[in-house]
Amino acid sequence: MMRRLYHWTLDTLPPAVSQRFQYLLSHGRLPNLREPKTFNEHVLRMKLTWDDPRHVRFADKLAVKDIVAERLGPRWVTPTLWSGTSFPANLDFPYPYVVKANHGSGQVAFVRSEQDEVGLAERVSRWLDKRLARKWAEGWYARIEPKLLVEPMLGDGVEAPLDYKFYGFDGNVVCVQVDTGRFGEHKRSFYDPGWGKLRIEFGYPIDPSDIPAPRYLSEMVSAASELSRGFDFARVDFYELESGPRFGEVTFAPASGLTRYEPRSADEWLGTFWPQAPAGRSAAPAAERRGLV
């Protein structure tokens, strides 16, 4: 009952009030939206003031494929096996495959066998009615026509390959987030573009091991720079396959600005790269000054 009341409250409050309330619960303080200094404060202000139709196309997991193919080339794009607004009753997709919704975040189903297809149509069809835009104030999702899509599962078919999440500020890539153990002991690490490890914790413990630099790191940095150019901020995700890098998605509000970066100096450091923030600070010295290297 308390959880339902909580979500009902978030759905009924005006977005500006709801976002401040959620930020207070997550960060233990109210955000400074008049003069944002931290990355999460910038994200929150962007969510409440954005009016850029490009966000809609880049956030749409179907429409963005055409943009990536045009800018980077078709080899960067995972083929779409099917897309539509009504999941087919007779499934004949080759295993393993992945079902996604194009208009939100975290709506993914991995299908490795016939057993995984039991109840699949009902589960994924509910995603079409699920709208995250109001609760998280990510209004670009509200402007996407909801669809489902099916893609072949990347990697060995057992676990998805590592994905590399590049933080780009108008073409300036400053760090890379790498998640490990997503189906077990989830850990998360950050590296600079030269693959120096950063002492940044974000939602999950830092992986104590040193993750090897991806073979196609320079190509992915260049690609993330290209796709984030023109945006104050865009996180661009790629997978690395034996055949080369493969595009994942574009995210404009990581964790909706409601998850802490630890130490707080990491949140402040990332905030310095936002275009409205003071300019002229290179990534390495700023990270060193804040004890993140």
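**Questions and answers on a predicted model**

User: Happy to look at this with you. What share of the 293 residues in the protein chain is buried?
Analyst: Good place to begin. This is a predicted model, and its protein chain has 293 residues. Counting as buried those under 20% relative accessible area, the buried share comes to 49%.

User: How many helices and strands does the protein chain have?
Analyst: Both kinds of element are present, and contacts also link distant parts of the sequence. Of the contacts with a separation of 6 or more, 58% are between residues 24 or more positions apart. The count for the protein chain is 10 helices and 12 strands.

User: What percentage of the accessible surface belongs to carbon and sulfur atoms?
Analyst: The accessible surface of the protein chain is about 14,300 Å². The part that belongs to carbon and sulfur atoms is 51%.

User: Let's turn to the sheet of 6 strands. Which strands stand at its edges?
Analyst: The sheet is open, with antiparallel pairing and the order β8-β7-β6-β5-β10-β11. A strand with a single partner has one side left without a neighbour in the sheet, so we look for those strands. They are β8 (197-198) and β11 (244-251).

User: Within that sheet, which residue of β6 does Gly-168 stand opposite?
Analyst: Strand β5 covers residues 163-169 and strand β6 covers residues 172-180. The two run antiparallel and are joined by 6 bridges. Opposite Gly-168, in β6, stands Val-173.

User: And in the hairpin of β2 and β3, which residue in the turn has a positive phi?
Analyst: Strand β2 (residues 97-101) pairs with β3 in the antiparallel sense over 4 bridges, and Tyr-97 has Val-111 of β3 as its bridge partner. The hairpin leaves 6 residues between the two strands. In the turn, the residue with a positive phi of about 80° is Gly-106.

User: Which residues form the covered face of strand β3?
Analyst: Side chains in a regular strand alternate between the two faces of the sheet. In β3 (residues 108-111), Val-108 and Phe-110 belong to the uncovered face. The covered face is made up of Ala-109 and Val-111.

User: Now the second largest pocket: which element gives the most residues to its lining?
Analyst: This pocket has a volume of about 190 Å³ and is lined by 16 residues. The elements that give two or more residues to the lining are α3 (39-49) and α4 (53-59). The one that gives the most, with 4 residues, is α3.

User: How do the residues of that lining divide into nonpolar, polar and charged?
Analyst: Nearest the centre of the second largest pocket lie Met-46, Trp-50, His-55, Asp-232 and Trp-274. Over the lining of the second largest pocket, the division is 6 nonpolar, 5 polar and 5 charged.

User: Is His-55 buried or exposed?
Analyst: His-55 lies in helix α4. Leaving out residues up to four places away in sequence, His-55 touches Met-46, Trp-50, Trp-140, Phe-231 and Phe-252. With a relative accessible area of 7%, His-55 is buried.

User: Which residues are joined by the cis peptide bond with omega of about -5°?
Analyst: Most peptide bonds are trans. One cis bond, with omega of about -10°, joins Tyr-95 and Pro-96, and Pro-96 is in the loop between β1 (82-84) and β2. In another loop, between β12 (261-262) and α9 (264-271), lies Pro-263. The cis bond with omega of about -5° joins Glu-262 and Pro-263.

User: Why is α9 described as largely enclosed by the rest of the structure?
Analyst: The buried residues of α9 are Ser-265, Ala-266, Asp-267, Trp-269, Leu-270 and Gly-271. Helix α9 is largely enclosed because of its 8 residues the number buried is 6.

User: Finally, what is the relative accessible area of Ser-256?
Analyst: Most residues other than glycine have a negative phi. Ala-137, in the loop between α7 (133-136) and β4 (148-152), has a positive phi of about 60° and is buried at 9% relative accessible area. Ser-256, in the loop between β11 and β12, also has a positive phi of about 60°. Ser-256 is buried, with a relative accessible area of 4%.

How values were computed:
Residues numbered from 1 in each chain as written. Predicted model: local features only at pLDDT ≥ 70, side-chain atom pairs only at ≥ 80, totals over all residues. Heavy atoms only, no water. 1 Å grid on protein atoms, 1.4 Å probe; cavity = no way out; pocket = protein on both sides within 12 Å on 5 of 7 lines; lining within 4 Å. Points joined across faces, edges and corners; volume = space filled by probe spheres on them. Nonpolar A, V, L, I, M, F, W, Y, C, P; charged D, E, K, R; others polar. Buried < 20%, exposed > 50% of the residue type's maximum accessible area, 1.4 Å probe, protein only. Contact = heavy atoms within 4.5 Å. Areas by Shrake-Rupley, 256 points an atom, 1.4 Å probe, with all protein chains shown as cover. Pairing = 2+ DSSP bridges.
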